[in-house]
Each structure stands twice: as C-alpha cells, then as structure tokens.
Amino acid sequence: MRTRAAVAVEAGKPLEVMEVNLEGPKAGEVLVEIKATGLCHTDEFTRSGADPEGMFPAILGHEGAGVVLEVGAGVTSLKPGDHVIPLYTPECRECEYCLNPKTNLCQAIRETQGRGVMPDGTSRFSMLDGTPILHYMGCSTFANHTVLPEVALAKVREDAPFDKICYIGCGVTTGIGAVINTAKVEIGSRAVVFGLGGIGLNVIQGLRLAGADQIVGVDLNPDKIPMAEKFGMTDFVNPKEVEGDLVPYLVNLTKGGADYTFDATGNVNVMRDALECAHKGWGESIIIGVAPAGAEISTRPFQLVTGRSWRGTAFGGARGRTDVPKIVDWYMDGKIEIDPMITHKLTLDQINHGFDLMHAGESIRSVVVY
Ligand code: NAD
Ligand code: AHE
Ligand code: ZN
C-alpha cells in the first residue's frame, strides 16, 4: 500500500512529508493505522544527527496510538479493529530480560530494532523509487500507517482518545514510571526534578501520585513554572538566578539533600548536579535524559562511597503490554492528567513547526493528528 509519512531524509534536515510504499505485515507482524503521534525530544535528538544510533533515511516517531488494520500469520493477541499503542520497549514475555523482574528491557528484537529493520532484517517502508526507508525505535509513528512486531504493541481500551493517549507511548509512562517503577518513591519523600519539559512534568505528576512532600523543579526557562505547579511542583529553582553553586543551594532547600533526584534534560553537567544534590547516605539519582554522542558523566567516587546511588531508566521501567493499558485506565479514571500538557495540535504537514516550538521552549507536547 501507499501511505503518507514525514521522512528524515538526512541528519540535520527538516523532515520531508511524502507518499511512501509500505509492505503488508509478515509473520508475527501487525499493520497499524496511526491516528495520532507526539513529538518527543528523542525524535529531535535523532533528526538533528546527535544520536550515535541515528540512521537515514528513516521514518521517526515513537509516541503514537492507532488501530490494527491487518495481522500477519501467527499473530494471536491482536485482531483488526483493536486499539493499540506502539512500544519502543517491547514485551515478549519469553526472553531472559522479560523473565527477570529487575528489568523492562526486553531484548527479543533489540538488535534489528537498532538497525532500523523488522526482526527478519528487512524494512517494510520504501520511497516511491524503491529506495528502502528505515524504521525508527521499532515504531515509525510519523507515518499514517506502520508495521510493528506483535510484541511491540499494547492493546488498550477503545473509548480512550488517540490524540491524548499517544503521549502514554513515551512521555507519560517514562516520567511516571521513573518515579513508581524505577525509584519506587515513598510517601513523604523530598525530590528534585531537573528539566520541566514533556518528561519532567510527568515525573512531577508521578511524585504527586506517590505522595512526595517536597517536589523541587529546576529549569532555565521560567515559563515552565505555571504548568509544573499545576502538576505538583512545590518549589522552583532557576539555576541562572542562584548566587553561587547550585548543588549546595538545592541541598539546603531540601534540608540536607533530596531522597530522589531525576535528570530530564539530557545534559551531563545537570546529571552531575542531580547526583550531588541527592541526600548523603541514601539519596538516589535517576537519569532519564538522553545525552549526545560522546558525552560522558563524571563525579567524585566519594559521592557514591558516601551512599548516593546513580541509576537510569528507559521507558520508566514499564513493561509495555502489561503496564501501558493500566496507565490508559489511570488517565480515563482521572488519576493522572494529560490534556493540559498537549499544548499544540498539528497536521502531518506542520510537523517541522512542532520541532521549532520545542526549540523555542513554547510547547510541552505537540501532537500530530492524522
Ligand atoms: P523537552 O525539550 O520537552 O524538555 C527539556 C527541558 O529541560 C526544557 O524545559 C528545558 O528548558 C530544560 N533544560 C534544558 N537545559 C537545562 C539545564 N541546563 N538546566 C535545567 N533545565 C534545562 O524534552 P523532553 O521531551 O521532556 O525530554 C527530556 C529528555 O528525556 C531528553 O533528553 C529525551 O531524549 C529524554 N527521554 C528519555 C526517555 C527514556 O526512556 N530514558 C524517554 C523520553 C525522553
Ligand atoms: N540511541 C541513543 C540512546 C537512546 C535512548 O537511550 N533511548 C531510550 C528511549 S528515549 C525515548 O524517548 C531507550 O529506551 N533506551 C534503551 C535502548 O535499548 O535503546 C544512543 O545514545 O545511542
Ligand atoms: Zn520519547
């Protein structure tokens, strides 16, 4: 079939919206009509050329929601008409990783996913002249139709609106999951969140859900304050306005250091500050942000010797097929909020404007509705 997609033709270039060829689903695969997709900073990271795993031409996008149109041979858990959220972290329920309760990093298709192809080693997308186009994070939600392995789709309830629940495909689950699954924050904790964008705000709402007493937000952009307060931020710190070093300021503000800190910026200097403002003896710092190629984190080992721990999280530690339908329920039951964070709705033709809004700090989430 043919479908419309925004293609990342070359690193650093705007996406080009065009008709592309899409082959039908092979064994174990599913054809999905994408109804809506969010724009995550990770898409921009890859589009810009900063991602060491980035390959072109590719169809980016990993925060989508849609409807199953067709299933390939052997697919048993999904049927045409099912509503689904694509999973860049699949859940095969069989691999060594899925069988270990300590991780959500299913490895069943990681190698081929990283090469931009389906598990059989080939791409379903091509240009009209036949040039292959790569998949991205196994999802490619910047196409109106896409093909995914069955293990990379969460089946969700049919009354949930696509233009909101697409955000559960990455940002919402990553932020809330970092708090609940990875840090396992206890009631009464003090926390610091660096970066109040599409991920950091969901960390904040996760902290409120977990019953944290103090939720400090740190961002260079004071325009983020009203939204962060709405989701539960109790204190705001703009590093540009702090006299002297930021770390002692945050340690003092949190009465000796935070129980939990989160980096949602991707900046390795911020990651160091996040570790070092965690409480001596027990503070945990969780890295969520994705850093540019070649960037490295550093600290004095003494920071760890004296009881702080440094950890990371992908997709908020969530097992997608199990956890994503539950998060959709939380949204539909009013336990979590999504609507205010979706600040812009765009058509596919306007997708590059979405990245401009991200750079200008004007959007939290832009969502393309097909
Ligand atoms: P975003 O652009 O919406 O938000 C980033 C925020 O950080 C902005 O508000 C910006 O003003 C702020 N910021 C930038 N530099 C800062 C600094 N030095 N100090 C304080 N604040 C600063 O991005 P997003 O969509 O929220 O993504 C955040 C990061 O999380 C990105 O690196 C993204 O790639 C990553 N991410 C990781 C996962 C995962 O599974 N680990 C999932 C999604 C996104
Ligand atoms: N390709 C990058 C790493 C990108 C990365 O860390 N991706 C996160 C999801 S970000 C979603 O917005 C992730 O899930 N990582 C686990 C994995 O297996 O990729 C690089 O630096 O090479
Ligand atoms: Zn993302």
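Q: Which elements make a right-handed β-α-β unit here?
A: Welcome! One thing to keep in mind from the start is that this is a predicted model. The unit is made by strand E10, helix H5 (residues 200–210) and strand E11. To read such a unit, follow the chain from one strand over the helix to the other strand. A crossover counts as right-handed if that path runs clockwise when the strands point away from you.

Q: In what sense do E10 and E11 pair, and over how many bridges?
A: Strand E10 (residues 190–194) and E11 pair in the parallel sense, over 5 bridges. To find your place in the pairing, look at Val193, which stands opposite Gly217 in E11.

Q: What does E11 pair with over 3 bridges?
A: That partner is strand E12 (residues 235–237), and the pairing is parallel. The chain gets from E11 to E12 through helix H6 (residues 225–231), in a β-α-β crossover that is right-handed. Here a good landmark is Val216, opposite Asp235 in E12.

Q: How many residues of E11 are buried?
A: Burial is read by counting neighbours: a residue is buried if 20 or more other C-beta atoms lie within 10 Å of its own. In strand E11 (residues 214–218), 4 of the 5 residues are buried, so by this count the strand is mostly covered.

Q: Which residues of E8 lie on one side and which on the other?
A: In a regular strand, the side chains alternate between the two faces of the sheet. In E8, His145, Val147 and Pro149 are on one side, while Thr146 and Leu148 are on the other. Both faces are covered, as these residues are all buried. Strand E8 spans residues 145–149, and 5 of its 5 residues are buried.

Q: Which strand do 5 bridges join to E8?
A: It is strand E3 (residues 29–38), and E3 and E8 run antiparallel. Within this pairing, Leu31 has Val147 in E8 as its bridge partner.

Q: In what order do the strands of the 4-strand open sheet come?
A: Reading a sheet means walking from neighbour to neighbour. Here the order is E1-E2-E6-E7, with antiparallel pairing. At the edges are strand E1 (2–7) and strand E7 (132–133), each pairing on one side only. Further in, strand E2 (residues 16–22) is joined to E6 by 2 bridges, and Asn21 has Ser126 in E6 as its bridge partner.

Q: Is Phe125 buried or exposed?
A: Phe125 counts as buried because it has 26 C-beta neighbours inside 10 Å. You will find Phe125 in strand E6 (residues 125–126).

Q: Which residues of the largest nonpolar core touch the most other members?
A: They are Ile59, Ile165, Ala191, Val192, Val193 and Phe262, out of 99 residues in this core. Helix H4 (residues 171–183) gives the most to the core, with 6 residues. Domain 1 (2–169 + 338–369) and domain 2 (175–313) both contribute residues, so the core lies between them.

Q: Why does ligand 1 lie between domain 1 and domain 2?
A: The reasoning is about who supplies the shell: both domains give residues to the surroundings of ligand 1, so the ligand lies between them. The shell has 32 residues, and the closest are His41, Gly195, Gly197, Ile199 and Gly266. Helix H1 (residues 41–48) gives the most, with 3 residues. By class, there are 16 nonpolar, 14 polar and 2 charged residues around ligand 1.

Q: How do the residues of the shell around ligand 2 divide?
A: They divide into 7 nonpolar, 2 polar and 3 charged. Among them are Cys40, Asp51, Glu53, Arg110, Cys170 and Phe315.

Q: What is the phi of Phe315?
A: Most residues other than glycine have a negative phi, and most peptide bonds are trans. Phe315, however, has a positive phi, near 50°. Phe315 sits in the loop between strand E15 (309–312) and helix H10 (320–332), and counts as buried because it has 23 C-beta neighbours inside 10 Å. Met137, also not a glycine, has a positive phi of about 50°. Met137 is in the loop between E7 and E8.

Q: Which residues does a cis peptide bond join?
A: The bond joins Phe56 and Pro57, with omega about -5°. Look for Pro57 in the loop between H1 and strand E4 (64–71).

Methods
Residues numbered from 1 in each chain as written. Chains lettered and ligands numbered in written order. Predicted model: local features only at pLDDT ≥ 70, side-chain atom pairs only at ≥ 80, totals over all residues. Near = placed C-beta within 6 Å. Nonpolar A, V, L, I, M, F, W, Y, C, P; charged D, E, K, R; others polar. Domains from an automatic or database assignment. Buried ≥ 20, exposed ≤ 12 C-beta atoms within 10 Å, placed from the backbone. Pairing = 2+ DSSP bridges. Core = buried A, V, L, I, M, F, W, Y, C linked by C-beta atoms within 7 Å.
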